[in-house]
Amino acid sequence: MTCSVASWSHAATAPVQAPVVPGERLSDWLLRNAGPNADTTALLWTVQAERAPQTRLKQAIIDGLKSTKLLSLPEAERAQLLAWVQAMPVTGRVNVSVADARWLQGNPNQDPVLQEGHSVTLYQRPGTVTVWSGAAQPCVAEHVSGALIQDYLQACLGVGGAAAPDWTWIAQADGSTQRYGVAPWNRTLQ
């Protein structure tokens, strides 16, 4: 059994969406707009030109889900996954290696130059974690400093011990993911 734990939920917080000045560096935009509670790990830099290749990638994923039995999921869960992927928007998001203004200034080759058709959005630091599992609806739990994945699984799914999944995926706000073993036989350091 596999479960996904996303360590962020920004739905309840108001984002910062200040205009982009064509030709400015991302570091300058951040210095102008990032407040003390900004979650720079959730920086959303979108580039209009990236939407077409991302649309093609999304369609390839959808076609793969429709045409193969690649996933060892029951048909109903696979249909739900397909519907979820189809509903996801194509944003044109471009990942930034490190979204820290001073780090970017010290590494100008990693500090993007913003152009017309780009947008930057910052969210406030969240206080919740969202847990998804199989066909279940998402569960939003309060973030607790020092909590382990197993704590969120217990809080949201009521599972622990032998009923707990073997693996979890953690998706961070910046789009990065990590796989963790959470069963007694494969537990990895968190």
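**Exercise 1. Work out how many helices and strands the protein chain has, and in what order they come.**

Solution. Start by counting: the protein chain of this predicted model contains five helices and eight strands. Next, walk along the sequence, and the pattern reads β-α-β-α-α-β-α-β-β-β-α-β-β. Then look at the contacts with a separation of 6 or more: 66% of them are between residues 24 or more positions apart.

**Exercise 2. Find what share of the residues is buried, and what area the protein chain exposes.**

Solution. Take burial first: of the 190 residues in the protein chain, 33% are buried. Now turn to the outside, where the protein chain exposes about 11200 Å². Carbon and sulfur atoms supply 58% of that area.

**Exercise 3. Describe the largest nonpolar core: how many residues does it have, and which elements supply them?**

Solution. Begin with the count, which is 17 residues. Leu-26, Trp-29, Leu-30, Leu-43, Trp-45, Leu-114 and Val-120 are the ones with the most contacts inside this core. Now assign elements: at least two core residues come from each of helix H1 (26–33), strand S2 (38–47), helix H4 (101–106) and strand S4 (118–124). The top contributor is S2, with four residues.

Then zoom in on Trp-45. Setting aside neighbours within four places in sequence, Trp-45 touches Gly-92, Arg-93, Val-94 and Val-96, and its list also includes Pro-112, Leu-114, His-118, Ser-119 and Val-120.

To finish, look for another core. There is a second, separate one of twelve residues, with Ala-141, Ile-149, Tyr-152 and Cys-156 among them.

**Exercise 4. Decide whether Thr-46 is buried or exposed, and find the partner of its side chain.**

Solution. First place the residue: Thr-46 sits in strand S2. Its relative accessible area is 9%, and the cut-off for buried is under 20%, so Thr-46 is buried. Next, follow the side chain, which makes a polar contact with the side chain of Ser-119 (2.4 Å). Ser-119 also appears among the wider contacts of Thr-46, which, leaving aside neighbours within four places in sequence, are Thr-91, Gly-92, Arg-93, Gly-117, His-118 and Ser-119.

**Exercise 5. Classify Thr-168 by burial and give its C-alpha distance to Ser-133.**

Solution. Locate Thr-168 in strand S7 (residues 167–171). Its relative accessibility is 0%, so Thr-168 counts as buried. Finally, check the spacing: Ser-133 is 35 residues away along the chain, and the two C-alpha atoms are separated by 9.3 Å.

**Exercise 6. Identify the salt bridge and say which partner is buried and which is partly exposed.**

Solution. Remember the principle first: side chains of opposite charge can pair when their charged atoms come close. The structure has one salt bridge. The side chains of Arg-32 and Glu-24 form it, at 2.5 Å from N to O. Now compare each value with the cut-offs. Arg-32 has 45% relative accessibility, and since partly exposed lies between 20% and 50%, Arg-32 is partly exposed. Glu-24, at 9%, is buried.

**Exercise 7. Find the residues of the nonpolar surface patch and place Met-88.**

Solution. The patch is formed by Trp-84, Met-88 and Trp-132, which together have about 300 Å² of accessible area. For Met-88, look in the loop between helix H3 (75–87) and strand S3 (93–94). With a relative accessible area of 38%, Met-88 is partly exposed.

Note on methods: Residues are numbered from 1 along each chain as its sequence is written. This is a predicted model: local features need pLDDT of at least 70, side-chain atom pairs count only at pLDDT 80 or more; totals for chains, interfaces and linings use all residues. Side-chain values use heavy atoms; hydrogens and water are left out. A nonpolar core is a set of buried Ala, Val, Leu, Ile, Met, Phe, Trp, Tyr and Cys residues joined through side-chain atoms within 4.5 Å. Buried means under 20% relative accessible area, exposed over 50%, partly exposed in between (1.4 Å probe, protein chains only). Contact means heavy atoms within 4.5 Å. Patches are made of residues with over 30% relative accessible area and no salt bridge: like charges are joined within 9 Å, nonpolar side chains (Val, Leu, Ile, Met, Phe, Trp, Tyr) within 5 Å. Accessible areas come from the Shrake-Rupley method with a 1.4 Å probe; for residues, only the protein chains shown count as cover. A salt bridge is a side-chain nitrogen of Lys or Arg within 4 Å of a carboxyl oxygen of Asp or Glu. A polar contact is a pair of N or O atoms within 3.5 Å; within protein, one must be able to donate a hydrogen and the other to accept it, and residues adjacent in sequence count only if both atoms are side-chain atoms.
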